[in-house]
Amino acid sequence: MSMETDLRDKILGNAAVAALIGTRMYPESAAYGTALPCLVMQRISTHHTHSHSGISGYAVARMQITALAETPEGRIALGEAVRLAIDAFVGTQGSFYFAIYLADTRDDYLDDVPVYRRQLDFEVQYNEPDV
């Protein structure tokens, strides 16, 4: 399993999130015409930590979870459900031990689609099990 898969499972395993989107969570982008509301998850960056003896087996990724909805209220509800599902989570999910903290939130509207968007950036600290 990957860190992204286990993080996705954590988010979709939350009853409030699942009630809003079912399993409509996509990697990196949602195709035009995708049913809303939905989530998109992408890795923004990763810092792999090291010690004097080499790789530490610990990493910190900046993961962006984007809530897409037809209304501002839908965007807010889905974004808040995601925040409550994973912000300040410390524990095991699947193969990974996580410490997850919300770092930033932004709202906007995409005229050309049209869709309301809330982007939540999380600092995701995790162990690298293969190291």
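Reader: Two strands pair if DSSP finds at least two bridges between them. With that settled, which residue in β5 is the bridge partner of Thr92?

Author: That would be Tyr97. Keep in mind that this is a predicted model. Thr92 belongs to strand β4, residues 90–93, which pairs with β5, residues 96–110, in the antiparallel sense.

Reader: Thanks! How many bridges do β4 and β5 share?

Author: Four bridges join β4 and β5. The two strands form a hairpin with two residues between them. In that turn, Gly94 has a positive phi of about 65°.

Reader: And on to β6: in what sense does β5 pair with it, and over how many bridges?

Author: The sense is antiparallel, and there are 12 bridges between β5 and β6. Within this pairing, Thr105 stands opposite Leu120 of β6. These two strands make a hairpin as well, with four residues between them.

Reader: Nice. Zooming out, what is the strand order in the sheet?

Author: The order is β1-β2-β3-β6-β5-β4, in an open sheet of six strands with mixed pairing. β1 and β4 each have a single partner strand, so they stand at the edges with one side lacking a neighbour in the sheet. On average, neighbouring strands are turned by 35° against each other, direction ignored.

Reader: What about helices? How many does the chain have, and which strands does α3 lie across?

Author: The chain has three helices, alongside its six strands. Reading from the N terminus, the elements go α-α-β-β-β-α-β-β-β. α3, residues 72–86, lies across β2, β3, β5 and β6, and runs at about 10° to β6.

Reader: Changing topic: how much space is in the largest pocket?

Author: About 310 Å³. It is lined by 20 residues, and the closest to its centre are Ala30, Val40, Leu68, Leu110 and Val115. β2 (38–51), β3 (54–69) and β6 (115–127) are the elements that give two or more residues to this lining.

Reader: What's the make-up of that lining by class?

Author: The largest pocket is lined by 11 nonpolar, seven polar and two charged residues.

Reader: And the second largest pocket, what volume does it have and which residues line it?

Author: Its space comes to about 170 Å³. The lining includes Glu4, Thr5 and Arg8, then Met25, Tyr26, Pro27 and Glu28, and also Met41, Gln42, Arg43 and Met63. At least two lining residues come from each of α1 (3–12), β1 (25–27) and β2. By class, there are five nonpolar, two polar and four charged residues in the lining of the second largest pocket.

Reader: Last one, on overall shape. What does the C-alpha trace span along its principal axes, and what is the radius of gyration?

Author: The trace spans about 50 × 30 × 25 Å. The radius of gyration is 15 Å, which agrees with a compact globule, because one with 131 residues would have a value near 14 Å.

Definitions and conventions
Residues are numbered from 1 along each chain as its sequence is written. This is a predicted model: local features need pLDDT of at least 70, side-chain atom pairs count only at pLDDT 80 or more; totals for chains, interfaces and linings use all residues. Side-chain values use heavy atoms; hydrogens and water are left out. On a 1 Å grid over the protein atoms alone, a cavity is a set of points where a 1.4 Å probe fits but cannot get out, and a pocket is an open set with protein on both sides within 12 Å along at least five of seven lines; lining residues have an atom within 4 Å of a point. Grid points are joined across faces, edges and corners, and a volume is the space filled by probe spheres set on the points. Ala, Val, Leu, Ile, Met, Phe, Trp, Tyr, Cys and Pro count as nonpolar, Asp, Glu, Lys and Arg as charged, and the others, Gly among them, as polar. Axes are lines fitted to C-alpha atoms, for helices over the stretch in contact, and angles run from 0 to 180 degrees between N-to-C directions. Contact means heavy atoms within 4.5 Å. The radius of gyration is taken over C-alpha atoms; the globule rule is 2.2 Å times the number of residues to the power 0.38.
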